[in-house]
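Reader: Could you take me through one part of this model in detail, namely the small sheet and whatever packs around it, and then place that part beside the rest of the chain? I would like the pairing, the contacts and the exposure set out step by step.

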Amino acid sequence: MGHLKQRDLNATRERLRDQVAHALRAALISGELRPGEVYSAPGLAEDFGISATPVREAMLDLAREGLVEPVRNKGFRVTEVNERDLDQYTEIRALIEIPTVGRITRSAAPEELQALRPVAEEIVRAARDHDLIGYLEADRQFHLSLLALSGNERLVETVGDLRKRSRLYGLTALDERGGLIPSAEEHLELLDLMLAGDAKGAEKCTARHLGHVRSLWARSETAAKTARRG
């Protein structure tokens with residue numbers, strides 16, 4: 001649990017709970033916490049170097065999101081996502097994000113879009129530096145910040161929830177092969193298309209990006225299953 005130990009979690013109890021939940025989501029996404037495995041709040045708290053209470057509260061938050069499920073007298077089991085789930089999540093995201101990106105391209109001010117370039121560049125940097133958690137956090141910030149330009153808070157919440165539920169597993173091998181870099185660079189391509197006012201091109205890029213992400217899910221799931229059998 002090396003990544004967990006490196007996180008600075010000094011804060012008030014409420015903020016500490018939120019920080020723990022965020023760190024756990026990142027660990028779930030990266031595969032540091034493995035699907036099907038049971039983790040106890042005291043055990044995770046020891047990794048964090050804090051008491052078990054905020055960890056238990058954070059795990060309950062994740063349970064409400066469907067990311068983990070309580071196991072009586074043992075802790076929390078990381079829920080597994082199957083291919084059908086991933087296909088459905090991708091379909092819903094495509095229905096929401098593709099037309100929304102087109103609308104934002106037509107309505108957003110250039111400076112609003114330009115403000116996202118440092119985040120898009122951070123995604124590429126993290127992919128090249130094999131910083132998987134940094135990659136995922138920057139990727140989330142980019143997509144949700146972009147969608148926020150629509151002015152629809154519920155839309156952003158919905159996509160944020162779908163992203164949590166469709167977390168990626170076992171990306172270490174893909175990362176080591178540079179498999180995340182093409183997906184990372186698509187964020188810069190999308191921004192350039194939007195700044196050029198090419199709504200149709202931006203929609204096509206978004207569709208391709210979501211398909212690319214889905215293919216990464218499929219390969220990471222296969223790798224994770226192979227590792228578990230091994």
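Author: What follows begins with the sheet, moves to the helices beside it, and ends with the cores and two single residues.

Since this is a predicted model, the description below concerns computed geometry. Three strands make up an open sheet, arranged in the order 1-3-2 and paired in the antiparallel sense. Strand 1 and strand 2 stand at the edges, each with a single partner strand, so one side of each has no neighbour in the sheet. Which strand, then, does helix 4 touch when it packs on this sheet? Helix 4 touches both strand 2 and strand 3, and its direction makes about 120° with that of strand 2.

Within the sheet, the pairing can be followed residue by residue. Strand 1, residues 38-39, is joined to strand 3, residues 75-78, by two bridges, and the two strands run antiparallel; on this side V38 stands opposite R77 of strand 3. On the other side, strand 2, which covers residues 68-71, pairs with strand 3 over four bridges, again in the antiparallel sense. There P70 has F76 of strand 3 as its bridge partner, while V71 stands opposite G75. Strand 2 and strand 3 together form a hairpin with three residues between them, and in that turn N73 has a positive phi of about 65°.

Helix 4 also has a helical partner. Helix 3, residues 41-48, packs against helix 4, residues 52-64, at an angle of about 120°, and their axes are 8 Å apart; the crossing of the two is right-handed. From helix 3 the contact draws on A41, P42, L44, A45 and F48, which meet A52, V55, R56 and M59 of helix 4. By residue class, this contact of helix 3 with helix 4 holds eight nonpolar residues, one charged residue and no polar ones.

Turning to the interior of the model, the largest nonpolar core has 25 residues, and those that touch the most other members are L113, Y135, F142, L146, L190 and M194. Two or more residues of this core come from each of helix 5 (83-107), helix 7 (117-128), helix 8 (132-148), helix 11 (181-195) and helix 12 (199-229). Another core, of 21 residues, lies apart from it, and A27, L28, A41 and A58 are among its members. In soluble globular proteins, nonpolar side chains tend to be buried together. Returning to L113, its contacts, not counting residues up to four places away in sequence, are I104, A108, L146, L149, L191, M194 and L195.

Two charged residues remain to be placed. R25 is found in helix 2, residues 13-30, and counts as buried because its relative accessible area is 19%, the cut-off for buried being under 20%. Leaving aside neighbours within four places in sequence, R25 is in contact with L62, E65, L67 and K164. D129, by contrast, sits in the loop between helix 7 and helix 8 and is partly exposed, with a relative accessible area of 45%. Although D129 and I181 are 52 residues apart in sequence, their C-alpha atoms are 9.9 Å apart in space.

Technical notes:
Residues are numbered from 1 along each chain as its sequence is written. This is a predicted model: local features need pLDDT of at least 70, side-chain atom pairs count only at pLDDT 80 or more; totals for chains, interfaces and linings use all residues. Side-chain values use heavy atoms; hydrogens and water are left out. A nonpolar core is a set of buried Ala, Val, Leu, Ile, Met, Phe, Trp, Tyr and Cys residues joined through side-chain atoms within 4.5 Å. Buried means under 20% relative accessible area, exposed over 50%, partly exposed in between (1.4 Å probe, protein chains only). Contact means heavy atoms within 4.5 Å. Axes are lines fitted to C-alpha atoms, for helices over the stretch in contact, and angles run from 0 to 180 degrees between N-to-C directions. A crossing is left-handed if the near helix is turned anticlockwise from the far one by less than a right angle, and right-handed if clockwise. Ala, Val, Leu, Ile, Met, Phe, Trp, Tyr, Cys and Pro count as nonpolar, Asp, Glu, Lys and Arg as charged, and the others, Gly among them, as polar. Two strands pair if DSSP finds at least two bridges between them.
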